[in-house]
Amino acid sequence: MELTYKPQGTCSQVIEVSVDDNHLIEKVVFWGGCNGNLQGISRLVTGLSPEEVLARLEGVRCGNRSTSCPDQLCKALRQMGY
């Protein structure tokens with residue numbers, strides 16, 4: 001299953017998420033935002049289950065913002081039904 005998600009309240013403009021048939025994250029690509037950090041997040045979550053990513057990253061804030069790129073990734077996963 002694949003989703004292209006438009007995050008709200010972050011520097012990144014698009015998040016592409018792919019979850020394979022075994023319910024493991026296959027690919028995450030962030031467009032815009034802090035390139036190095038977002039590449040790192042993408043590599044760290046690849047191969048994990050969406051539930052594990054949600055447990056670790058949901059609710060993370062960026063500075064005084066109410067959300068962050070990792071939190072927006074979780075919102076994308078929730079939209080996918082996880």
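Buried means under 20% relative accessible area, exposed means over 50%, and partly exposed lies in between. The exercises below use these cut-offs on a predicted model.

**Exercise 1. Classify H23, R43 and S18 as buried, partly exposed or exposed****.**

Solution.

Step 1. H23 lies in the loop between β2 and β3. Its relative accessibility is 45%, so H23 counts as partly exposed. The backbone of H23 has a positive phi of about 60°, although H23 is not a glycine.

Step 2. R43 is found in helix α1. Because its relative accessibility is 67%, R43 counts as exposed. The C-alpha atom of R43 is separated by 14 Å from that of I15, a residue 28 places away along the chain.

Step 3. S18 belongs to strand β2, which covers residues 12–19. With 4% relative accessibility, S18 counts as buried. Leaving out residues up to four places away in sequence, S18 touches M1, E2, L24, I25, E26 and K27.

**Exercise 2. Describe the sheet: what is the strand order, and which strands stand at the edges****?**

Solution.

Step 1. The sheet is open and has three strands in the order β1-β2-β3, with antiparallel pairing.

Step 2. β1 (2–5) and β3 (25–32) each have a single partner strand, so one side of each is left without a neighbour in the sheet. These two strands stand at the edges. From one strand to the next, the twist averages 10°.

Step 3. Now take the pairs in turn. β1 and β2 run antiparallel and are joined by four bridges. One residue of the pairing is T4, whose bridge partner in β2 is E16. β1 and β2 form a hairpin with six residues between them. In the turn, G9 has a positive phi of about 80°.

Step 4. β2 and β3 also run antiparallel, and seven bridges join them. V17 stands opposite V28 in β3.

**Exercise 3. Sort the residues of β1 by face: which are on the covered face and which on the uncovered one****?**

Solution.

Step 1. Start from a general rule. In a regular strand the side chains alternate between the two faces of the sheet.

Step 2. Apply it to β1. L3 and Y5 make up the covered face, while E2 and T4 make up the uncovered one.

**Exercise 4. Describe how the helices are placed: what lies across the strands, and how do α2 and α3 pack****?**

Solution.

Step 1. Helix α1 (residues 35–45) lies across β2 and β3. α1 runs at about 170° to β3.

Step 2. The loop between α1 and α2 holds S49. Apart from neighbours within four places in sequence, S49 is in contact with H23 and L24. S49 and C69 are 20 residues apart in sequence, and their C-alpha atoms are 18 Å apart in space.

Step 3. Two packed helices are described by the angle between their axes and the distance between the axes. For α2 (residues 50–57) and α3 (residues 69–79), the angle is about 145° and the axes are 9 Å apart. The crossing of α2 past α3 is left-handed.

Step 4. List the contact residues. α2 contributes P50, V53, L54 and L57, and α3 contributes P70, D71, L73, C74, L77 and R78. By class, eight residues of this contact are nonpolar, none is polar and two are charged.

**Exercise 5. Decide whether α3 is largely enclosed or open, and find which element gives the most to the largest nonpolar core****.**

Solution.

Step 1. Count the buried residues. Eight of the 11 residues of α3 are buried, so α3 is largely enclosed by the rest of the structure. The buried ones are C69, P70, D71, Q72, L73, C74, A76 and L77. They pack against β1, β2, β3, α1 and α2.

Step 2. Recall a general tendency. In soluble globular proteins, nonpolar side chains tend to be buried together.

Step 3. Here the largest nonpolar core has 22 residues, and V17, V28, F30, V45, V53, L73 and L77 touch the most other members. At least two residues come from each of β1, β2, β3, α1, α2 and α3. α3 gives the most, with five residues.

Step 4. Look at one residue of this core, L77. Neighbours within four places in sequence aside, L77 is in contact with V17, V19, I25, P50, V53, L54 and Y82.

Conventions. Residues numbered from 1 in each chain as written. Predicted model: local features only at pLDDT ≥ 70, side-chain atom pairs only at ≥ 80, totals over all residues. Heavy atoms only, no water. Buried < 20%, exposed > 50% of the residue type's maximum accessible area, 1.4 Å probe, protein only. Contact = heavy atoms within 4.5 Å. Pairing = 2+ DSSP bridges. Axes fitted to C-alpha atoms, helices over the stretch in contact; angles between N-to-C directions. Left-handed = near helix turned anticlockwise from the far one by under 90°. Nonpolar A, V, L, I, M, F, W, Y, C, P; charged D, E, K, R; others polar. Core = buried A, V, L, I, M, F, W, Y, C linked by side-chain atoms within 4.5 Å.
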